[in-house]
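Reader: Please show the structure, and then we can go through a few of its features in turn.

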Amino acid sequence: MRAVFVAITQTFRDAVSISKILFKILIPVVIIMKVLTELGLVTWLGTLFSPFMALAGLPGNLGIVFVTALLTNLYGGIIAFVTIFPETPLTVAQVTVIATMMLVAHNFPVELAVARKAGMRVTLHLLVRLIGAFLLGALLFYTYKWGGWLQQPATLLWTPPTTDVGLLHWAWGELQKLAVIFGIVFAMLLGMRLLKYARINDGIEWLLRPILRPVGIGREATSVTLIGMMLGLAYGGGLIIREAQSGNLPDRDIFASITLMGLTHSVIEDTLLMMLIGGHLSGLLWGRIAFSLIAAYLIMRFLRAIPTTYFYRYAFHEK
């Protein structure tokens, strides 16, 4: 019992340490984005993105949806989507495209800050995810068009509440989110400790090694990468930041892990969320995972071919 108590206490301390790192990023970013949203920045940027939506076979007014998810989160993007949906007839293929694009590129103020804290160059990470979103969107659109797949009219399965809330209600909601984040971090660390004790993590790492090794992710980064892919970049990124600060992971492993997590993360919750607005699993999950693995592999292969000085100049902050 004493060993269990010590393990739980240590896990709690680790959760507090990681949560402090995340909260230092989250709290100021959330406040700033709330102010900018109230000032209409999101809507203005959405109109600027409108012409580019045609690259993925989408109507221009979906630019507001994409930018809303980009600067806030998926729930914000969904609310913008359901507002536009009644006046914009869309096929299942088109909904899958915009939903998958949002999955690849969303919540940039927070997630770019997490990536930067882990050592990534923000500009490169932003370009990888932004270009990746449009490239994957275009590939999905032309694939569905070529095969005549998913051309039936889309149907919303869920409509989130869109009622406006006051500032105090918003602040209370954000505090609740922070509490949930701490709870998830604690549960995640406790689960990792249990898996390590039972040596189950060795089996998971062995199964994933043939997939993640070609991408450039070593054994030490496998577990945290898997957590980021399953739960979200903030959680996996928080673990990566801790490992990066302790010097336990090579810089290129950190870069590969953050890159892969940036393109594909929270594959269960976010995928189900986008299916509720009419997206199809073929793009939301399988297409996104395949694209992310290939893209991360090609990026890491290119970076291995260039001198180390260029890697630290353009891709990663040298310690």
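Author: Patches are made of residues with over 30% relative accessible area and no salt bridge, and nonpolar side chains are joined within 5 Å. The model here is predicted.

Reader: Which residues make the nonpolar surface patch of about 380 Å²?

Author: One member, Val35, lies in helix 1, which spans residues 2–38. Val35 has a relative accessible area of 46%, and a patch residue needs over 30%. The patch is made by Ile27, Ile31, Val35 and Leu39.

Reader: Is Ser19 buried or exposed?

Author: Ser19 is also placed in helix 1. Ser19 touches Phe182 and Val185, leaving aside residues up to four places away in sequence. Its relative accessible area is 2%, and the cut-off is under 20%, so Ser19 is buried.

Reader: Which helix gives the largest share of the largest nonpolar core?

Author: That core has 96 residues, and Val185 and Ile258 are among those with the most contacts inside it. The largest share, 10 residues, comes from residues 92–104, which are helix 5.

Reader: Which residues does Ile258 touch, not counting residues up to four places away in sequence?

Author: Ile258 is one of the core residues with the most contacts inside the core. With those sequence neighbours left out, Ile258 touches Ala115, Ala118, Met120, His125, Leu233, Gly237 and Ile240.

Reader: How far apart in space are Asp270 and Leu231, C-alpha to C-alpha?

Author: Asp270 is found in helix 13, residues 269–275, and is buried at a relative accessible area of 9%. Asp270 touches Leu74, Leu103, His106 and His265, not counting residues up to four places away in sequence. Asp270 and Leu231 are 39 residues apart in sequence, and their C-alpha to C-alpha distance is 9.1 Å.

Definitions and conventions
Residues numbered from 1 in each chain as written. Predicted model: local features only at pLDDT ≥ 70, side-chain atom pairs only at ≥ 80, totals over all residues. Heavy atoms only, no water. Core = buried A, V, L, I, M, F, W, Y, C linked by side-chain atoms within 4.5 Å. Buried < 20%, exposed > 50% of the residue type's maximum accessible area, 1.4 Å probe, protein only. Helix = DSSP H or I, 4+ residues; strand = E, 2+ residues; numbered from the N terminus. Contact = heavy atoms within 4.5 Å. Patch = residues over 30% accessible without salt bridge, like charges linked within 9 Å, V, L, I, M, F, W, Y side chains within 5 Å. Areas by Shrake-Rupley, 256 points an atom, 1.4 Å probe, with all protein chains shown as cover. Salt bridge = Lys/Arg side-chain N within 4 Å of Asp/Glu carboxyl O.
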